[in-house]
Amino acid sequence: MPARILPDDPELNEAEGRQYPQQTSDRHMAARNYLNLDTAILLAILFIAIVFRFHKITLPLVDGFSWREISTAMMADNFRERSWNIFFPEVSWTGPGPSYQGREFQIVSYLTALLYQLFGWHDWFGRVVAAFFGVVTVFSLHRLTALCWDEMHAHAAALAYALMPAAVMIDSSFLPDPAMLALVTLGVWLFAKYWAGGSGWLLPLATVSFSLGVLSKPPGIAAGAVIFYLMVCWILENKRRQAAWVFLSGLLSLAIIGAYFSWAIYLARSYPPFHMAGSGGYIWDYGVWAYVRDRFYVNSLWNTSVLWFYGYPFLGLLAIGLWMPPKPAEDRKQRILSAIPSVWLAAATVLYLAAAGEITSNVWNLHIFHVPIAIFCGHGALLLATLSSKIVPAPAVALRSVCIVAVTLVWSTFPLVRTMKKPIAMKGKLLGEELARLAQPGDLVVAIAPEVGDPVAVYYSRARGWIFPPGGGDTEWSKFVADDTTAIAQLEELRAQGADLFGVTKNAIDKQDRLFVEHHGGVIDYLDRTAIKLTDSDDLLIYRITRP
């Protein structure tokens, strides 16, 4: 029988000396492979996000968001053509100008103007800038989710955001909202890293990023609830010095944001048409009981969610993710971080309750919801994929994951994005291009697009002018006036201000479903008598306005 080797036997010590380095090396190799796999998955998700956001990137500004996109595009034009002063955003649909308006801090339009300066004018450059910010959101969302929960949830959340119809549409639209969400998400992630023990430099970087995000669009302020929540947690832990620095940074951020929007309000009150973007539709405008009577516009929100933004597959994943949240972590710090998606969603919900009228009228404002929605959708997808599977990489899990992605693509992403990108304002663009062909240098145009109030025809005329009825301020410009006499008086006032061309698409309809050519037949008769008809096609009607 062989002799037993004692623990202090030299042969055993020599064997252990050979074995332990090998085991350590194997563990390090496995860790590197795991990190490389996570990085590869993140890069693949970023690639998917780029593909979906840059698909049809050259589409003219004629989709479902045309109205708001055109105003942003006009501000980019005027930065390049009239003044580079970013504090004086100006549109071109209220006459010869200046037509300064109270607007968000113009990050997207200003960057687009710089692209115009470098490469010439292309109407789709604004979409490129927005798509860039959309990809930043995917990355920041991934890293924030990994910090809050884990890498697997980060992959699922980022992929959910990359494929979500609402995110795809907004992130490829010439709007300020993509910059808002990208910058506040980046700011929240950087701050969460700082709170979790990261470098002190993360706090000022987070403050700058978050502040720029809220300046880009005020709904971004909702994400500040996450920063406030983490600061309170520090106070409760008696880490008052760290909390004091966060508090001072927050005050500085709020002071800058308040100063800018005070300036925007001053600008709106000082220059015709005295228009402040996003200035109506809040609970204090309509009253609490009006909101209650309209059920906080839940019907409108549901229709937008089902028919445009998410579809049933994403709503189902969201419901599952909310109904069965992840189990609380044992570590206290990780437990605090894991609540970030819920805090963000709760704050966005409070914002909605206060601004439901404005948000449901301008649905891109829902973008602030899309980070927590993507996180919970990703969690719901993981729950379905790993159902009854003890081993995560099991073939059944992979197959279920592929099926979930396929269902969301077929029943949500593809059909809903196609619906939102339908070129509903194309005839307005054609009207603008025809006005551009007929206009003389310096001419001012009056244009009525298919959706009354949409300045798309003025934009594509490459001239300045007016929508009709004239808009801005508290004036209702999305519906026609009641009678021809009032409309003619409005037209005469524009003639006195220098209007040279009048154009209308024959399918122009107001929010009360009244066709211009039917409702204002008397205006057309008046123009036949007092102006020169230049175009009368199946789609367009254009006159040159003569002087008395």
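Throughout this passage, a residue is called buried when its relative accessible area is under 20%, exposed when it is over 50%, and partly exposed in between, with a 1.4 Å probe and protein chains only as cover. D483 is a case in point: at 34% relative accessibility, it counts as partly exposed. The model is a predicted one, in which local features need pLDDT of at least 70 and side-chain atom pairs count only at pLDDT 80 or more, while totals for chains, interfaces and linings use all residues. Residues are numbered from 1 along each chain as its sequence is written, and side-chain values use heavy atoms, with hydrogens and water left out.

The overall picture comes first. The C-alpha trace of the chain spans about 125 × 50 × 50 Å along its principal axes. The chain has 23 helices and five strands; these are DSSP runs numbered from the N terminus, with helices being H or I runs of at least four residues and strands E runs of at least two. Of the 548 residues in the chain, 52% are buried. The chain exposes about 25,300 Å², and carbon and sulfur atoms supply 65% of that area; accessible areas come from the Shrake-Rupley method with a 1.4 Å probe, and for residues only the protein chains shown count as cover. Contacts, meaning heavy atoms within 4.5 Å, can also be sorted by sequence separation. Among those between residues at least 6 apart in sequence, 74% join residues at least 24 apart.

Two helices illustrate the covered parts of the fold. Helix α7 (residues 177-195) has 19 residues and reaches 27 Å from its first C-alpha to its last, close to the 27 Å expected at 1.5 Å a residue. The expected span is 1.5 Å times one less than the number of residues in the helix. Because 17 of its 19 residues are buried, α7 is largely enclosed by the rest of the structure. Just after α7, G197 takes a positive phi of about 115°. Helix α17 has 16 residues, and its span of 22 Å from first to last C-alpha is close to the expected 22 Å. This helix is mostly covered, with 14 of its 16 residues buried.

C377 gives a closer view of α17, which covers residues 370-385. With a relative accessibility of 2%, C377 counts as buried. Leaving aside residues up to four places away in sequence, C377 touches A160, F314, L317 and L318. By contrast, G120 lies 257 residues from C377 along the chain, and their C-alpha atoms are separated by 41 Å.

S109 offers another buried site, this time in helix α3 (residues 107-119). Its relative accessibility is 1%, so S109 counts as buried. A polar contact of 2.7 Å joins the side chains of S109 and Q106. Such a contact is a pair of N or O atoms within 3.5 Å; within protein, one must be able to donate a hydrogen and the other to accept it, and residues adjacent in sequence count only if both atoms are side-chain atoms. Beyond residues up to four places away in sequence, S109 touches T72, M75, A76, F79 and F174.

On the surface, W245, F247, L248 and L251 form a nonpolar patch with about 440 Å² of accessible area together. Patches are made of residues with over 30% relative accessible area and no salt bridge, with like charges joined within 9 Å and nonpolar side chains (Val, Leu, Ile, Met, Phe, Trp, Tyr) within 5 Å. A salt bridge is a side-chain nitrogen of Lys or Arg within 4 Å of a carboxyl oxygen of Asp or Glu. Within this patch, L248 is placed in helix α10 (residues 240-270).

The loops hold several backbone features worth a look. Between α10 and α11 (283-286) lies P273, which a cis peptide bond with omega of about 5° joins to P272. Another cis peptide bond, with omega of about 0°, joins F468 and P469, and P469 lies in the loop between β2 and α21. D483 is found in the loop between β2 (464-467) and α21 (484-496), where its side chain reaches the backbone nitrogen of T485 at 3.1 Å. D483 and V523 are 40 residues apart in sequence and 9.4 Å apart in space, C-alpha to C-alpha.

The loop between α12 (288-293) and α13 (298-309) contains R295, whose phi is near 55°, a positive value in a residue other than glycine. R295 counts as exposed at 59% relative accessibility. F296 lies in the loop between α12 and α13, and its phi is likewise positive, near 55°. F296 is partly exposed, with a relative accessible area of 22%.
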